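User: I'd like to learn how to read pockets and ligand surroundings in a model. Can you walk me through this one?

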Amino acid sequence: MSATRPPVDLATRLGPLALDNPIMTASGCFASGREMGRFVDVGSIGAVVVKSVTVAPREGLPTPRMVETPSGMLNAIGLQNPGVDAWLEHDLPWLVERGATTVVSVAGDSVEDFVQVARRLRGVDGVHAIEINLSCPNVEHRGLVFALDAEASAALVRAVRRVTDVPVLAKLSADASDVVGVARAVVDAGADALTLINTVLGMAIDPVTGRAELANTYGGLSGPAIRPIAVRVVHQVHHAMPEVPIVGCGGVRSVEDVVQFLRAGASAVAVGTGGFVDPYATESLRDGLAAWMADHGFAELGPLVGSTPPRPGS
Ligand SMILES: Cc1cc2nc3c(=O)[nH]c(=O)nc-3n(C[C@H](O)[C@H](O)[C@H](O)COP(=O)(O)O)c2cc1C
């Protein structure tokens, strides 16, 4: 930041969770931090959201698992992770040593799976919050993804809320036909904040072979291609529930993208695919945001958050 710029306060809150700055990592795009440790000081990131953790280790889906698309990528990784016990033993200590604010993304096939992971995390030093990855198929409900159904999402959040003492973020999907309805349901069930959005379901086909390019046929679209969808969802949910803190996520690459999400109603943003392109993104976005705010007369985040008016007539 230039010496002539006035100081800017980047502190923000996600309900009970206080962050030094609003730039977070998105789950699955930062692993558990170690891989990125040689590029950035993980202790200076607003919060590190780790790759979703399940009860038992998972090897993930067959390859190919990633495909490049215009302004984005498709992935079908399948929640590859070492399982919560190994994660607590090998990955969390590294983050704790570096003073990271750690949000543990939790995944599973059933409400009981999520509850078991949340129980294992209870009272563990260095676990600052839980993010519930609602984009998981619910085996007890014909494999329907939790996030598509308000009732199933609320039941899951309620069950996790009961067994945890840290703030709970619920991560929703824009694939839901009524994402505001799902948002209301999970907040009523005890979510302290919302992460908006997970990837958008997509597909790519090899024109010559006619086969799906991903081994899993369908995958999650991420990157700038989904940013306008994510900004719209943040804006819609913010104006429906202005008191609920939101983490905006989807295609963040530049400082201007961050500002769009803040103006739409996000109190923080999470960088996913953008970190693959630029591993220094979290630091450069944090410093760039401070410079942008100083240049545009904002001394703190509050007046920016939700400053874009609601849709006329809504
Ligand atoms: C390779 C990859 C793996 C991901 N893994 C997870 C995951 O384990 N849990 C989760 O909640 N989201 C996961 N996501 C979704 C991201 O956290 C994020 O919501 C999405 O990619 C949109 O943000 P972006 O456009 O900045 O990437 C993953 C995304 C990618 C690209």
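**Pockets and the ligand**

Analyst: Sure, and keep in mind that this is a predicted model. Let's start with the lining of the second largest pocket: by class, nine residues are nonpolar, six polar and four charged.

User: How much space lies in that second largest pocket?

Analyst: The general idea is that rolling a probe the size of a water molecule over the atoms shows where empty space is left. Here, the second largest pocket holds about 240 Å³. It is lined by 19 residues, and those closest to its centre are Gly 28, Phe 30, Ala 31, Ser 32 and Glu 35. Helix 1 (84–97) and helix 7 (274–277) are the elements that give two or more residues to this lining.

User: And the largest pocket: how much space is there, and which strand gives the most to its lining?

Analyst: You get about 1,100 Å³ in the largest pocket. Its lining counts 50 residues, with Asn 75, Ser 135, Asn 198, Thr 199 and Gly 220 closest to the centre. Strand 14 contributes the most, three residues. By class, the lining splits into 22 nonpolar, 22 polar and six charged residues.

User: Which space does the ligand take?

Analyst: The ligand takes the space of the largest pocket. Its shell is 23 residues, the closest being Ser 27, Lys 171, Gly 223, Gly 251 and Thr 273.

User: Which atoms of Thr 273 and Ser 27 should I look at?

Analyst: For Thr 273, a polar side-chain atom lies 2.5 Å from a ligand oxygen atom. For Ser 27, a backbone N or O atom is 2.7 Å from an oxygen atom of the ligand. The protein covers 97% of the 610 Å² of accessible area that the ligand has on its own.

How values were computed. Residues numbered from 1 in each chain as written. Predicted model: local features only at pLDDT ≥ 70, side-chain atom pairs only at ≥ 80, totals over all residues. Heavy atoms only, no water. Near = heavy atom within 4 Å. Polar contact = N/O pair within 3.5 Å; in protein donor to acceptor, adjacent residues only side chain to side chain. Areas by Shrake-Rupley, 256 points an atom, 1.4 Å probe, with all protein chains shown as cover. 1 Å grid on protein atoms, 1.4 Å probe; cavity = no way out; pocket = protein on both sides within 12 Å on 5 of 7 lines; lining within 4 Å. Sits in = over half its atoms within 2 Å of the grid points. Points joined across faces, edges and corners; volume = space filled by probe spheres on them. Helix = DSSP H or I, 4+ residues; strand = E, 2+ residues; numbered from the N terminus. Nonpolar A, V, L, I, M, F, W, Y, C, P; charged D, E, K, R; others polar.
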